[in-house]
Amino acid sequence: MLEILITGLDEQLAAPLAGALEMRSYAVRCETWEDAVLDTLERIPFRAIVSRYPLPGAGFGILLSAVRSRASASRNTGLMLVAPGSDLEAARGLIGRGVNRVVCETDSIETILTGLHELLTAPPRVPFVAPTRISLEFGGEAVSVLCQTENLSASGMLVRGCTNCRPGMRVSFQLQLGAEEEPLEGMAEIARTTNPEREGLRGFGARFIGLSEADRERLQAWLERASEPIAS
């Protein structure tokens, strides 16, 4: 069973949300927000975390740091925030900065479940900063640009740079996976451009559309190694 952590939500929302998830065969853990939650995050690799935003005092900053810590068993877990209407804009500003989804506390249970389903079915992303060469056609000419990855998954990458890229464009890329000698080479399609104000970078998200079977296996093996919790 998949385990989902719910913390900080009012009981009026936490209870029906947990019930709806359990009816879908998810294992759910509801916790009142307190320091003990941080110990839980370090030990248990949750598949998704649902938190109220904001939490009392500096609680949310502490929670976010704990979730994304290299010592956290849940550091690559999808994080959804449930915020009141007055705090939605601030919460959405955290997307791409450790937060994956934001919903309003007045949204229906079905809307929240849909967001959680997207988190649970998306390939996990691994933070990874590395030079990446992007080649594309621009103005009728072939152009090669040196960019930088921000994160990787089995299905795509987030790239800083190459601000001329637009959704739907196809580019070829070369990406060095750490100390491995041979770079990954393939084709990608631009899925979206970033929002600099929200994500803190100018670039694009792309999905892989052309990788050899050998390179797909190399990428998957690398992601599995990179996702392993680091012992404290």
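Trainee: Does Cys162 count as buried or exposed?

Mentor: Buried means under 20% relative accessible area, exposed over 50%, and partly exposed in between, with a 1.4 Å probe and protein chains only. At 11% relative accessibility, Cys162 counts as buried. Keep in mind that this is a predicted model, where local features need pLDDT of at least 70, side-chain atom pairs count only at pLDDT 80 or more, and totals for chains, interfaces and linings use all residues. Residues are numbered from 1 along each chain as its sequence is written, and side-chain values use heavy atoms, leaving out hydrogens and water.

Trainee: Which sign does the phi of Cys162 have?

Mentor: Most residues other than glycine have a negative phi, and most peptide bonds are trans. Cys162, though not a glycine, has a positive phi of about 55 degrees. Cys162 sits in the loop between β8 (156-160) and β9 (170-175); helices (H or I, at least four residues) and strands (E, at least two) are DSSP runs, numbered from the N terminus. Ser25 also has a positive phi, about 70 degrees. Ser25 lies in the loop between α1 and β2 and is exposed, with a relative accessible area of 52%. As for peptide bonds, a cis one joins Tyr53 and Pro54, with omega about -5 degrees.

Trainee: How should I read a pair of aromatic rings, and how many are there?

Mentor: Such a pair is described by the distance of the centres and the angle of the planes. Rings of Phe, Tyr and Trp (its six-membered ring) pair if their centres lie within 6.5 Å; planes under 30 degrees apart count as stacked, over 60 as edge-to-face and the rest as tilted. The whole structure holds three aromatic pairs. In one of them, Tyr53 and Phe60 have ring centres 5.1 Å apart and planes at 85 degrees, so the pair is edge-to-face. Both Tyr53 and Phe60 are buried.

Trainee: Which way do the residues of β4 point?

Mentor: In a regular strand the side chains alternate between the two faces of the sheet. From β4, Gly78, Met80 and Val82 point one way and Leu79, Leu81 and Ala83 the other, and all are buried.

Trainee: And where is confidence lowest?

Mentor: Where pLDDT is low, the predicted coordinates should not be read in detail. pLDDT is the predictor's confidence in each residue, from 0 to 100. The protein chain averages 87, and 96% of the residues score at least 70. Confidence is lowest in helix α6 (residues 196-199), at a mean of 70, and highest in β3, at 95.
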